[in-house]
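This note sets out some points for a colleague who is meeting the structure for the first time. The points are numbered so that each may be checked against the model in turn.

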Amino acid sequence: SDIGSQKDRVVTEEEWLQRWEMSNIGFHKEQGHPLLRKYLDVLLNGRSGLRIFFPLCGKAVEMKWLADMGHSVVGVEVSEQALKQFFAQHSLPYCEEPVPEISGAKKLQSTSGNISLYCCSIYDLSSSIVGKFDGVWDRGALVAVNPCDRQHYVSLMITLMEKNSSYLLVTVSYDPNKHKGPPFYVPESEIKSLFG
Ligand code: SAH
């Protein structure tokens with residue numbers, strides 16, 4: 001791959017938690033992502049009542065959009081603060097419960113039931129815990145994964161997808177030798193080899 005000096009860089013979970021702690025979250029898009037609006041039809045493909053997965057969800061407002069359209073949304077995020085801000089900022093009541101299969105993990109679920117956010121590492125999830133999905137919105141997720149964990153991440157995502165699911169992926173194109181990120185640069189050739 002041509003990701004140059006980025007390939008050995010690692011951002012730890014602790015560093016992500018600190019970013020949330022310091023409100024150093026320039027990646028958060030208050031107004032939602034224009035590319036989801038643009039490609040919504042591709043994601044939904046005429047289907048309704050889908051299960052949509054948000055890996056590394058942060059407090060992405062797109063989760064609210066899709067839930068309001070009648071889909072059911074599942075997200076995963078290491079920062080509990082992020083998830084609590086999500087529910088607070090949308091005035092959504094929620095309840096919290098442990099996840100028996102994952103020690104230390106919590107599930108925060110909207111009282112209406114259609115938004116379930118797991119507070120744990122994505123690498124702790126499996127389809128036996130969260131089921132499979134009809135659609136994935138991957139923005140700030142694959143590109144935030146440490147380069148050494150990409151294959152693990154993608155293999156896991158594939159196991160979480162239903163047969164006819166659609167996967168919208170946002171990456172950022174730039175010269176990785178000039179900028180260290182964030183997010184990480186993921187060349188198109190690597191996306192092809194990762195997803196096959
Ligand atoms: N997708 C969101 C957030 C992108 S930033 C958006 O579009 O706004 C990446 C997020 O992933 C951060 O909030 C970080 O706390 C979270 N994160 C990093 N590593 C993770 C992991 N292994 N499992 C779950 N969440 C993780």
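**Notes on the predicted model**

1. K7 and D8 are joined by a salt bridge, in which the closest N and O atoms are 3.7 Å apart. The reader should bear in mind that the model is predicted. K7 is partly exposed, with a relative accessible area of 47%, whereas D8 counts as exposed, at 62% relative accessibility. The cut-off matters here: D8 is called exposed because its value is over 50%. In total, the structure holds nine salt bridges.

2. A second salt bridge to inspect links E80 with K84, with 2.8 Å between the closest N and O atoms. Both residues belong to helix 4, which covers residues 80-89, and they are four residues apart, about one turn of the helix. E80 is partly exposed, with a relative accessible area of 24%. K84 is likewise classed as partly exposed, at 30% relative accessibility.

3. Which other side chain meets K84 in a salt bridge? It is that of E96, at 3.3 Å from N to O. Because E96 lies in strand 3 (residues 94-98) and K84 in helix 4, this pair ties together parts that are 12 residues apart in sequence. E96 is partly exposed, its relative accessible area being 39%. Through shared partners, salt bridges join E80, K84, E96 and K106 into one network.

4. The interior may be considered next. The largest nonpolar core has 28 residues, and those with the most contacts inside it are F53, Y118, L125, V130 and Y153. At least two residues of this core come from each of strand 2 (72-77), helix 5 (127-130), strand 6 (133-139), helix 6 (150-159), strand 7 (161-170) and helix 7 (188-195). Helix 6 gives the most to this core, with four residues. Apart from this core lies another, of 26 residues, with L66, V73, L92 and L168 among them.

5. Y153 deserves a separate look. Which residues does Y153 contact when its neighbours within four places in sequence are left aside? They are P55, L56, I122, Y123, D138, A141, L142, V145 and Y167.

6. There are 15 residues around the ligand, and of these W20, L56, E77, I122 and R139 come nearest. L56 and I122 are thus listed both around the ligand and among the contacts of Y153.

7. Three backbone approaches to the ligand can be examined individually. A backbone N or O atom of L56 lies 2.8 Å from a nitrogen atom of the ligand. For I122, a polar backbone atom is 2.9 Å from a ligand nitrogen atom. V78 also places a backbone N or O atom 3.2 Å from a nitrogen atom of the ligand. Taken alone, the ligand exposes 570 Å², of which the protein buries 95%.

8. Finally, N45 is found in the loop between helix 2 (34-44) and strand 1 (51-54). Is N45 buried or exposed? At 56% relative accessibility, N45 counts as exposed. N45 and S165 are 120 residues apart along the chain, and their C-alpha atoms are separated by 9.4 Å.

Technical notes: Residues are numbered from 1 along each chain as its sequence is written. This is a predicted model: local features need pLDDT of at least 70, side-chain atom pairs count only at pLDDT 80 or more; totals for chains, interfaces and linings use all residues. Side-chain values use heavy atoms; hydrogens and water are left out. A nonpolar core is a set of buried Ala, Val, Leu, Ile, Met, Phe, Trp, Tyr and Cys residues joined through side-chain atoms within 4.5 Å. Buried means under 20% relative accessible area, exposed over 50%, partly exposed in between (1.4 Å probe, protein chains only). Contact means heavy atoms within 4.5 Å. A residue is near a molecule or strand if one of its heavy atoms lies within 4 Å of it. A polar contact is a pair of N or O atoms within 3.5 Å; within protein, one must be able to donate a hydrogen and the other to accept it, and residues adjacent in sequence count only if both atoms are side-chain atoms. Accessible areas come from the Shrake-Rupley method with a 1.4 Å probe; for residues, only the protein chains shown count as cover. A salt bridge is a side-chain nitrogen of Lys or Arg within 4 Å of a carboxyl oxygen of Asp or Glu.
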